[in-house]
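Here are some exercises to work through with the sequence and the model side by side. Try each task yourself before you read its solution.

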Amino acid sequence: MAKPKRIGILTSGGDCAGLNAVIRAAVYRAQGTYGWEVMGIRQATHGLMMRPPSATPLTIEKVDPILTAGGTILGTTNKGDPFAFPMADGSVQDRSQEIIDGYHELGLDALIGIGGDGSLAILRRLAVQGNLNLVGVPKTIDNDVGSTDLSIGFDTAVNIATEALDRLHFTAASHSRVMILEVMGRDAGHIALHAGIAGGADVILIPEIPYSLDSICQKIEDLQHQGKNYCLVIVAEAVRTGAGETVMTTNQLGQSRLGGIGHYLADRISEASGAETRVTVLGHIQRGGTPSSVERLIGSAFGVAAVDLIADGKFDQMVTWRNRHVESVPIVEAIAQYKGVDTNDILVKTARSMGICLGD
């Protein structure tokens, strides 16, 4: 009789809703169907750097209640490239072998890595270097990982942004204001586009479509002529200024982060149109909260499929959701195909057909 496998699972990169659904389903499938052990690795690859490695056994009883919980019970990190890891003394060190050794110290037969394109690229590099058996699961609220229609975290983020627009309608109408909602989207405008249509925005601005201030102001004027005393604008944080510059904000520690385009636009729109303008920045609210039903379904399907790939000996693969089916593609293929908004996409055409201004 073959010895039961021991597999590891980790979450890497920014947190989001739906991660726990993947973990839960993977444990159910691995333990309930195959009789395998599952080790949950804490704080992504950082947990494999620790000695002993920071990991906890996962059982069906332990993961059963986590389906509706946001975030990840394993913790995560989006800092510290293991191939150039920042040390306390200011130096940079390659700690990749420590992670590989941690994998072997735990006695793992395979690893499920849940992450975005950056995390999966690092995990794959580690797997190639250390001859590790890796299966990937796509996770990003931006939904920009190639080869999959949906990534974990996206649907919940869209729902939260849509609800924010729903609420802003009333205060915008009450005060005859232009209300700008800035949402996440590091490089892609999927959240803004989906939520903008679902939430009834008048203007949707995404990085894939250049905009002009004149077009936005004309839309505001058109709405006024139609008897509508307010305007809702949703903008992805990666949208640039009129001069083509990325807008960054700086925190109290002097660290710069993407964001601030909403306030930039508010000032320009107010100056050009005379409209009273207010800004709401959702920020990390989009990552948190209870995962949507779609998130739980896709997460569960991904978790099961990832374990089945291990059972079939199919490694260096990422599970995908395409045309209502779970499939798999080579990780290298998935991360090579960045997925921004296609300007010929049906949702772009839908927005235009409904008279929504896309800024161009």
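**Exercise 1.** Which residue in strand 6 is the bridge partner of Ile7?

*Solution.* Before we start, note that this is a predicted model, in which local features need pLDDT of at least 70 and side-chain atom pairs count only at pLDDT 80 or more, while totals for chains, interfaces and linings use all residues. Residues are numbered from 1 along each chain as its sequence is written, and side-chain values use heavy atoms, with hydrogens and water left out.

Step 1: find the strands. Helices (H or I, at least four residues) and strands (E, at least two) are DSSP runs, numbered from the N terminus. Strand 1 spans residues 6-11.

Step 2: check the pairing. Two strands pair if DSSP finds at least two bridges between them; strand 1 and strand 6 have five, in the parallel sense.

Step 3: read off the partner of Ile7, which is Ala110.

**Exercise 2.** Describe the sheet that holds these two strands, and place helix 1 on it.

*Solution.* Step 1: write the strand order. Seven strands make an open sheet, 3-2-1-6-7-14-15, with mixed pairing.

Step 2: look at the edges. Strand 3 (55-58) and strand 15 (325-330) each pair on one side only.

Step 3: add helix 1. Residues 19-33 form this helix, which lies across strands 1, 2, 3, 6 and 7. Its direction makes about 175 degrees with strand 1 (axes are lines fitted to C-alpha atoms, for helices over the stretch in contact, and angles run from 0 to 180 degrees between N-to-C directions; contact means heavy atoms within 4.5 Å).

**Exercise 3.** Why is one side of strand 9 and of strand 13 left without a neighbour in the sheet?

*Solution.* Step 1: the strands of this open sheet follow the order 9-10-8-13, and the pairing is parallel.

Step 2: strand 9 (203-205) and strand 13 (277-281) stand at the edges with a single partner strand each, so one side of each has no neighbour in the sheet.

Step 3: look at one pair in detail. Strand 8 (residues 178-183) is joined to strand 13 by five bridges, and Leu181 stands opposite Thr280.

**Exercise 4.** Which residues of helix 4 are buried, and where do they point?

*Solution.* Step 1: buried means under 20% relative accessible area (1.4 Å probe, protein chains only). In helix 4 (residues 96-105), Ser96, Ile99, Ile100, Gly102 and Tyr103 are buried.

Step 2: these residues lie on the same side of helix 4, because they cover an arc of only 155 degrees around the axis (taken from the directions from the helix axis to the C-beta atoms).

Step 3: the buried residues pack against helix 2 (45-49), strand 6 (110-115) and helix 5 (117-130).

**Exercise 5.** Find the empty space in the model.

*Solution.* Step 1: set the rule. On a 1 Å grid over the protein atoms alone, a cavity is a set of points where a 1.4 Å probe fits but cannot get out, and a pocket is an open set with protein on both sides within 12 Å along at least five of seven lines; lining residues have an atom within 4 Å of a point. Points are joined across faces, edges and corners, and a volume is the space filled by probe spheres set on them.

Step 2: the largest cavity has a volume of about 50 Å³. Its lining includes Ile99 and Tyr103, and helix 5 gives the largest share, three residues.

Step 3: the largest pocket holds about 1,200 Å³. Its lining has 46 residues, and Gly13, Gly14, Asn78, Arg186 and Arg287 lie nearest the centre.

How values were computed
Buried means under 20% relative accessible area, exposed over 50%, partly exposed in between (1.4 Å probe, protein chains only).
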